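Please open the model in your viewer and follow the stops below in order, beginning with the whole chain and then moving to selected residues and elements.

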Amino acid sequence: MSFTRLSLPVLATIVALSLAACTSTPLTPPVVPPTTTQKPATPETPVQGLQKSNFAAMPGWDRDEIHDAWPAFMTSCQTLGKRNEWRLVCASARQINANDDNAIRAFFESNFTPYKVFNPDGSDTGLVTGYYEPLLRGARKRSGAYQTPLYRAPDDLLTIDLTSVYPDLKGMRLRGRVVGNKVVPYFSRAEMLQSGALAGKELVWVDDPVEAFFLQVQGSGRVYLSDTQETIRLAFADQNGYPYKSIGRYLVDKGEMTLSQASAQGIKAWVIANPGRQNELLNVNPSYIFFKEEKISDPSKGPNGAMGLPLTGQRSIAVDPQHIPLGAPVFLATTQPNSDAPMQRLVLAQDTGGAIRGAVRADFFWGFGNEAGEKAGRMKQRGMMWVLLPNS
């Protein structure tokens, strides 16, 4: 379905719908909405708020075990190396010993210039949250404990991109469905689940509705299928067009917990203590994520980020590409989750997210599994960022 020219009233409606479809309100920290729900940004996105700096100004630069970041950098080069300003530096990187910290550090210091990232108000610190790839238990067919479905995108879900006609809407996409001769908003979470509108679109069935909800929060994850004894990856496919509403904020506003308790772990504990209110809580969020199945060829690699390339645990971050070029190396100076212990390391800006908005703003990918989930669920730190751009 396409549009060529629209009247102002129709355009106003579309803008309002597109904002509803493509912006998200963050969960009460440290839980954040999916990092792969947005249309992938391009590395050509303009950069704002950068001030030329130097490597000596980056705390911990000389102590980072920088070889851990090298695979993620080489992954970025798969895309960036095709661009003129990155071609030479990515070609030179192939000559570097991937296990030699000194050689890697010298490579960056010789070929890149750091730029400190500032917010529009002139401040240089911002929020750093975390996300991860969870593992759920499930089955191909509904049986026993496996009663909660995860769905593929429905056939009647429309996704409309008006960028070619209205450039100001770049990165915003409409989602809806056709009723008669009108496009209306798609079903909310509660409407879909209560009406059975998604019957027949089940990908797998899992054993925990709360874990299924948090899989949607993360945007992708793995599912071990007990009936076929295989582990598959469920990757983000689409979204129903509603902005995320924080279930953590809902519990805080209801006086059920304090702001400091509203982590993923705190919310899960609340549901265990209040099983009769589970649907009430989950349906506070009208947003719903649809998935697609992917084979896992290399279990050590994470899900694909916004660049279409696999993320690297503890060395990939999600950023706002209006401020940080997608694919670029970023030096992140923050602290460990729920701690004052420094966490200063080189990471790669390889993902985006509905809640990742602003200049000094990062979502740190912790990797796969329970330990990664524990750290991601508690991460709500302050941090500074330097983006490294090639001298060429």
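Accessible areas here come from the Shrake-Rupley method with a 1.4 Å probe. On that basis the chain of this predicted model exposes about 17,400 Å², of which carbon and sulfur atoms supply 50%.

Keep the whole chain selected for a moment: there are ten helices and 17 strands in it, and 52% of its 392 residues count as buried. Among contacts between residues at least 6 apart in sequence, 80% join residues at least 24 apart.

Next, select L135, Y224 and F368, which form a nonpolar patch on the surface and together have about 270 Å² of accessible area. Within this selection, F368 lies in strand β16, which spans residues 362-368; F368 counts as partly exposed, because its relative accessibility is 37% and that class lies between 20% and 50%.

From β16, go on to helix α10, residues 370-378, and colour its buried residues, A372, G373, A376 and G377. They cover an arc of only 125 degrees around the axis, so they are on the same side of α10. What do the buried residues of α10 pack against? Displaying the surroundings shows β3 (126-133), α8 (264-273) and, once again, β16.

Finally, select S188, found in the loop between β8 (182-185) and α5 (189-195). Is S188 buried or exposed? With a relative accessibility of 12%, S188 counts as buried, because the cut-off for that class is under 20%. If residues up to four places away in sequence are left aside, S188 touches N240, Y242 and P286.

Conventions: Residues are numbered from 1 along each chain as its sequence is written. This is a predicted model: local features need pLDDT of at least 70, side-chain atom pairs count only at pLDDT 80 or more; totals for chains, interfaces and linings use all residues. Side-chain values use heavy atoms; hydrogens and water are left out. Patches are made of residues with over 30% relative accessible area and no salt bridge: like charges are joined within 9 Å, nonpolar side chains (Val, Leu, Ile, Met, Phe, Trp, Tyr) within 5 Å. A salt bridge is a side-chain nitrogen of Lys or Arg within 4 Å of a carboxyl oxygen of Asp or Glu. Helices (H or I, at least four residues) and strands (E, at least two) are DSSP runs, numbered from the N terminus. Buried means under 20% relative accessible area, exposed over 50%, partly exposed in between (1.4 Å probe, protein chains only). Contact means heavy atoms within 4.5 Å. The arc is that of the directions from the helix axis to the C-beta atoms.
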